[in-house]
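Thanks for making the time today. I would like to walk through a few local features, strand by strand and helix by helix, and I will keep to what can be read from the coordinates.

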Amino acid sequence: MEKDKPDNIPADQPTNKKPSAENPYQLLGLKLTKVEKWAAGVPAVMAAMKDLLEEKTFFRGNKALLHMNQFEGFDCSSCAWPDPDDERSPIGEYCENGAKALAEEATTKKVTAAFFKANAVYDLAKLDDYKIGKMGRLTEPMYLPQGGTHYQPISWDDAFKKIAAHLNQLASPDEAAFYTSGRTSNEASFVYQLFAKVYGTNNMPDCSNMCHETSGSALRPTIGIGKGTVKLEDFYLSEIIIIIGQNPGTNAPRMMSALEKAKKNGAKIIAINPLPEAGLMGFHNPQEISGIIGNGVKLADLYLPVKINGDMALLKAIELLLFEFEKTSRGQVFNWPFIAEKTTGYDAFIKQFEQYDLDELARQAGVAKADIYEAAQMMASKQRIIVCWGMGLTQQHNGVDMIKEILNLLLLKGSIGSPGAGVCPVRGHSNVQGNRTMLIDEKPTDEQLDRLQQFFGFNPPRKHGYDVVRAIKAMQEQRLKVLFCMGGNFLSATPDTTYTAEAMRKLALTVYVSTKLNRSHLVHGQESIILPTLSRSDIDMINGVHQFVSTENSMGVVEKSKGILKPVSEHLVNEMQIVCRMAMATLGPKSVINWQRYHDSYDAVRDDIEKCIPGFDNYNERVLQKGGFYLPNAARDGIFKTEEFGDRAPFTLTSIPDNTLGPDEYLMATTRTHDQFNTTIYGLDDRYRGIKNERRVIFMNADDIEKAGFKAGDKVDLFNYDDGIERIAPLFIIVSYQIPKRNTVTYFPETNVLVSINNVVKESNMPASKYVKIQIKKHDPAIYNRINQL
């Protein structure tokens, strides 16, 4: 019956379960299920428990879940959404994807020396990222010699000797780069960046360079701080919450609990996104009866299906309407006292609207004029407005300007620096914000470096280092010889996969501090070392004392994290001690830093952090407080301090991009499945979007499919021609979906190969993975076979 068919299957597409020539989806293993209209609920609980069973850690994992994100427990290694300040749920302060992340940490499956002896690197590299990641926890240091085919065991001391030998024979410290994943604790991050600077380089690319560098690049010159300005409690006071380019149901599921409470307090939610994501539409709270057997809560009061990169036109259209409303109701729409006292550049900003036409702006945004009018009306009389965004904005080529336009909107309303109002960049990885606070930054300021110099007595390098994109180019040009990765999966996270893989193979040495096997271990330098480390949930003992570390969430709260699980191997070493042992081996006894002191005590690290980084006074005492402590945030208090504009926040003049496409071109944005966190793939399903057992799919508008001469279920190859280079992602399946015309969506890392190393966000230099021009052609098996052989 038609009414029983999944929403993403065209009316003429068979849905029989048995494979047949008439149902090409089934022949490739793909099954389409119902596209969900709400997120979480009982299915989320069942999915989390299923992962614990698959990882053979049901009882061990459930024990850990009771401690995750609790006051005396450990911080989830998944997203950076904050925990409640006052009371936390005794049932569970975690989400489905947090439970899946924990399952992979708590797994009893192990990757031992025997595993590596039995499996050549070449054979492992032929597996997909999902299978590689499901092998289990790494248990001991491994070394791949030059020309070797298999990783082999190496002692910790010998591993550090090899790393030191490579670092000390470089012609310049700038021939090494030190990458950081967001999972790294504050303490390890501080010691890590300190080592890099004492060694002599600011080459510190990190995961911020691929997710929210754009946010910082827009916020710092405008409001004086590169972080969000709201607390969790502000959501409960807000009148309007705008969610743009962000999918709470998958990327930060616990955010939905905050949205639910905001709705109960009277807030209205406007969702802006090319796809009508389940987590934007509805929420079934699995800790409440209404979320289990009831209808849950409707989230979005208004959904605006903006085109990819149509956000700028949409924002300007809303501002144009607000300006029109203000002209007829002077002082009722704009916050004139705020504009006069706190901002600069209003006259030049407002004059631009003389040139704009609402019909044309609506066309460029891809949103009905009536819907834009409704959004503007919802905001017109409100001042307690919060705007949340994710990588749907930050990975656009003009992402910095779009975030500045969001600030323009909030400045008009006076909706920043007051309760219930402000900006909320939704960080994608736990402690990615803390890493930057701990000076993991390729562009440290003179003020930051002066503090280190004054306290430690060495001259830190002042020259800016490489971010991720520049580091990859430096590898390709052989200006980098050593890459040390503190966590993460560098190859699968980065753009232009073929280019990046070629660049990594030119390195003399790659070193990976990891908990699990990933693809980057298999695409390596001439020599490669894997150093296994503890996870957040593991017990960390130093000199017989159970230790804790600390992290910073996306709202600037620093809180302790103390693991409770027995490590899967006695050979694991925590990240901070790995850095200290590397430092002692590389720098020797003449170093001005007492690395042994740090090696033996997290308290010692925190004592010195408070001397070098503002806001950490009495660090060791305050971090023991229930719920930790907030870092200073002047913009949150309505104080704007910028280098160029002093104590005023500037209105910014931005332009609307030209998104013209050739007759055979489409815009592609990459995204996660729901069964995925960053590059970690938990499974092959995307439950909310109705995809089961397949990742190589491309979501297309039904009219586009027909116009191009395809049909849903066809196999196609995807091409990008930036820089005059043909990039190919072969063998994808077309799925008909509710998406704007000429727009497509695919999953990463499968289509990172199509993102040119030169396709970057202006100012932030992040990969513009949400703005890729592609062509779609009928699948050619010869292309797939050729690429597979490579």
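Val 697 stands opposite Ile 733 in strand β31, and that pair is a convenient way into the region around strand β29, bearing in mind throughout that what we are looking at is a predicted model. β29 covers residues 697-700, and β31, which covers residues 727-736, runs parallel to β29 and is joined to it by four bridges. Strand β32, residues 743-747, also pairs with β29, but in the antiparallel sense and over two bridges; here Met 700 is the residue that stands opposite Thr 744. In general, strands of a sheet pair through backbone hydrogen bonds, and they may do so in either sense. As for the side chains of β29, Val 697 and Phe 699 lie on one side and Ile 698 and Met 700 on the other, and with all of them buried, both faces of the strand are covered.

A similar picture can be drawn for strand β16, residues 482-486, where five of its five residues are buried. Val 482, Phe 484 and Met 486 point one way, while Leu 483 and Cys 485 point the other way, and I would remind you that in a regular strand the side chains alternate between the two faces of the sheet. Which strands pair with β16, and in what sense? Strand β7, residues 176-180, pairs with β16 in the parallel sense over five bridges, and strand β17, residues 509-514, likewise pairs with β16 in the parallel sense over five bridges. Cys 485 is a useful marker here, in that Tyr 179 stands opposite Cys 485, and Tyr 512 is the bridge partner of Cys 485 in β17.

Let me turn to another sheet, which is open, has three strands in the order β2-β10-β11, and shows mixed pairing. Its edge strands, each pairing on one side only, are β2 at 39-40 and β11 at 297-298. Helix α13, residues 255-264, packs on this sheet and touches β2, β10 and β11, with a direction that makes about 105° with that of β10. Strand β10, residues 282-284, runs parallel to β2, and two bridges join them; within that pairing, Ala 40 has His 284 as its bridge partner in β10.

Now to helix pairs. Two packed helices are described by the angle between their axes and the distance between the axes. For helix α9, residues 186-199, and helix α30, residues 602-612, the angle is about 65° and the axes are 10 Å apart. The range that counts as roughly perpendicular is 65 to 115 degrees, and α9 and α30 are therefore described as roughly perpendicular to each other. The crossing in which α9 passes α30 is left-handed. On the α9 side the contact is made by Asn 186, Glu 187, Phe 190 and Val 191, and on the α30 side by Tyr 602, Val 605, Arg 606, Asp 608, Ile 609 and Cys 612. Sorted by class, this contact has six nonpolar, one polar and three charged residues.

The second pair is helix α16, residues 311-328, with helix α19, residues 358-365, whose axes come within 8 Å and cross at roughly 150°. Because an angle over 145 degrees counts as roughly antiparallel, that is the description that applies to α16 and α19. The crossing of α16 and α19 is again left-handed. The residues in contact are Ala 313, Leu 314, Lys 316, Ala 317, Leu 320 and Leu 321 of α16, together with Leu 358, Leu 361, Gln 364 and Ala 365 of α19, and by class they comprise eight nonpolar, one polar and one charged residues.

I will finish with two single residues. Is Glu 213, in helix α10 (residues 213-223), buried or exposed? Glu 213 has a relative accessible area of 3%, so it is buried. Leaving aside residues up to four places away in sequence, Glu 213 touches Ser 208, Arg 220, Arg 436, Lys 443, Ser 764 and Met 766. The C-alpha atoms of Glu 213 and Gln 395 are separated by 9.4 Å, although these residues are 182 residues apart along the chain.

The other residue is Thr 679, in the loop between β26 (676-677) and β27 (680-681). Thr 679 counts as buried because its relative accessibility is 13%, and, with the same sequence neighbours up to four places away left out, it touches Asn 489, Ser 492, Ala 493 and Phe 748.

How values were computed. Residues are numbered from 1 along each chain as its sequence is written. This is a predicted model: local features need pLDDT of at least 70, side-chain atom pairs count only at pLDDT 80 or more; totals for chains, interfaces and linings use all residues. Side-chain values use heavy atoms; hydrogens and water are left out. Two strands pair if DSSP finds at least two bridges between them. Contact means heavy atoms within 4.5 Å. Axes are lines fitted to C-alpha atoms, for helices over the stretch in contact, and angles run from 0 to 180 degrees between N-to-C directions. Angles under 35 degrees count as roughly parallel, over 145 as roughly antiparallel, 65 to 115 as roughly perpendicular and the rest as oblique. A crossing is left-handed if the near helix is turned anticlockwise from the far one by less than a right angle, and right-handed if clockwise. Ala, Val, Leu, Ile, Met, Phe, Trp, Tyr, Cys and Pro count as nonpolar, Asp, Glu, Lys and Arg as charged, and the others, Gly among them, as polar. Buried means under 20% relative accessible area, exposed over 50%, partly exposed in between (1.4 Å probe, protein chains only).
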